[in-house]
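Trainee: I am new to this structure and would like to learn how to read it, beginning with its interior. Could you take me through it step by step?

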Amino acid sequence: ETLQKGLKCFKNQDFTFFQEIHAIFVGAIERRNQIEEAIASSELPQDVKSEEFKDMDWASGKEELETRLLRIKALQLGTADKLGNEGKSLFVQRSLKRRLNREAEMVGTSPEERFKVTLSSVLKAFSGALDPHTHYFTPTEANQFMILVQQRLFGIGAQLRDDLDGLLVTRIIENSPASQNNKMKINDKIIAVDQESIIGMDITEAVELIRGEKGTSVQLMILREGEKVEVEIVRNEIVFEEGRLESSVEPFGDGVIATLRLYTFYQDAKSSSATDLRKALEEIKKEDRLKAVVLDLRNNAGGLMGQAVAVSGLFMNKGIVVSVQDASGRVQHLREVEGKPVWEGPLLILVNQGTASAAEIVAQGLQDYGRAIVVGDLNTFGKGSFQTLTLDAVSNPKINPQGEYKVTRNLYYTVSGKSPQLRGVQSDIVIPGLLTGMEVGERFAKFPLENKSIDPHFEDDLSDLPPAYRIQLGAMYKYNLQAKVTTYEPYLERLRANTEKRIRTNKHYQNCLTEIEKKNFDSPPVELFAQSDLQLTEAVNAAKDLLQLMKDQ
């Protein structure tokens, strides 16, 4: 009944009902302050771990809420003890100030401000309930999103996660200030910035303290394996258009196996993922006899769909790469039309559960055609939807003062008619890695879209194009279309068996997998696993097996 009333009011643009809900929320803030006063002098519990606050349900009553708040307070103060008396005192003062400021922001100082807060909450709730990738951005959030779209900022180059008692380093961007001389490591926990505690601080606010002008220094206090360490890092420009591709070769027989790691699908006035990949492959072919390629798409979260088509075209002839379906059911195909592949030989694509979106298009599309063997985690992330933005970072970067939207349009499908939505791309050969078994993927998100499929389109009749364009492409496009091939099928069973045997008999690999299964990511075997990249090594081993099997055939 309440839900129906809310939907009716929303459709009629009558927000009085939501203002009533917000008034209840304001009352809850007042009660929270009363609870804070009541537990101010209570004895704090011992041995509190941050893991216990993951995936919590609502407190059943006031007593349980008091207990929960005490445990959070104990966790934060326990870590703050490492800052010393002065640092701990500063943390307590700042934490209180921050909470009161946040509450004041939510309450508003006038009816007009309170209505804006209410309206923003309604828009966020409405958009967020549609699917995991539709969002409403306030002007401030839209400005932050612009940084992500432009992929340019000044900072240290570390990806962080709020752990209540500090910011946990979950990823270090290669060639960034944080990566230099191993100053920072994954699982470091930042607890202070320039002698100011960030424990309990909102992650956005803490990140702003860490960012700064190019060439300036930032002093970080971190916890590493329980020990307090201070590091000084000189900020620099983090431009994600650069350093998105790494290439290397490994000698094999009378030639080499190339490994190309693509971090994202990008395009600007100077370069693109496809042109850079083509250039890298052509340079390798000039220097050596190229025998096989391993395309590493691990942790590649996607990017431009057009670049997914262009990258696929480096390894296939002309044909449909990906299809999108609009709300009316009309299907439109995105094609590789040049038919100038740079590599037509043995190709393996290495993926993990962090491989998503445009990266899944490439992996599944080339797998569909039989042009590539997909190896790595059992499945990829499973983001099979595509979005459009009201915010145009190129032609109209000015942010709307009323906010901006990112909206999911529908699912995309590869040439087989399958979408990776929820299920992800299924690996032909499973090679476990750091993300194996972790709760990473679309299926763990709130309100994900269901998986769907359409008819396969290996035979392209160009029926989705207007007659004029159909004639324009004509016979030239139909010549030398990419056929569905079975080149690798005779070898897959042996490749799987060889891979499984190597992993099973590799004691170091097994020790690492055991620690990962326990979620003990701080253990020495896992740290060594990340440094030596056994998953990539095994992918290259599979490429060697394939070359030998094809030679013996």
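Mentor: Please keep in mind that this is a predicted model. The largest nonpolar core has 75 residues, and within this core Phe315 and Ile349 have the most contacts. Helix α15, residues 534-552, gives the most to this core, contributing 8 residues.

Trainee: Which residues does Ile349 touch, not counting those up to four places away in sequence?

Mentor: Ile349 touches Leu295, Leu297, Val362, Ala363, Leu366, Ala372, Ile373, Val374 and Val375, when residues up to four places away in sequence are not counted. Apart from the largest core lies another core, of 19 residues, which includes Val169, Ile172, Ile210 and Leu220.

Trainee: Why is helix α10 described as largely enclosed by the rest of the structure?

Mentor: A residue is called buried when its relative accessible area is under 20%. In helix α10, residues 358-368, 11 of the 11 residues are buried, so the helix is largely enclosed by the rest of the structure. Those buried residues pack against the helix α9 and against the strands β12, β13, β15, β16 and β18. Just after α10, Gly370 takes a positive phi of about 80°.

Trainee: How should I read the second largest pocket, and which residues are closest to its centre?

Mentor: Begin with its space, which is about 410 Å³, and then turn to its lining. Of the 16 residues that line this pocket, Phe18, Ile21, Ser121, Val122 and Ala125 are the closest to its centre. Helices α1, α2 and α5 each supply at least two residues of the lining, which by class has 11 nonpolar, 5 polar and no charged residues.

Methods: Residues numbered from 1 in each chain as written. Predicted model: local features only at pLDDT ≥ 70, side-chain atom pairs only at ≥ 80, totals over all residues. Heavy atoms only, no water. 1 Å grid on protein atoms, 1.4 Å probe; cavity = no way out; pocket = protein on both sides within 12 Å on 5 of 7 lines; lining within 4 Å. Points joined across faces, edges and corners; volume = space filled by probe spheres on them. Helix = DSSP H or I, 4+ residues; strand = E, 2+ residues; numbered from the N terminus. Nonpolar A, V, L, I, M, F, W, Y, C, P; charged D, E, K, R; others polar. Core = buried A, V, L, I, M, F, W, Y, C linked by side-chain atoms within 4.5 Å. Buried < 20%, exposed > 50% of the residue type's maximum accessible area, 1.4 Å probe, protein only. Contact = heavy atoms within 4.5 Å.
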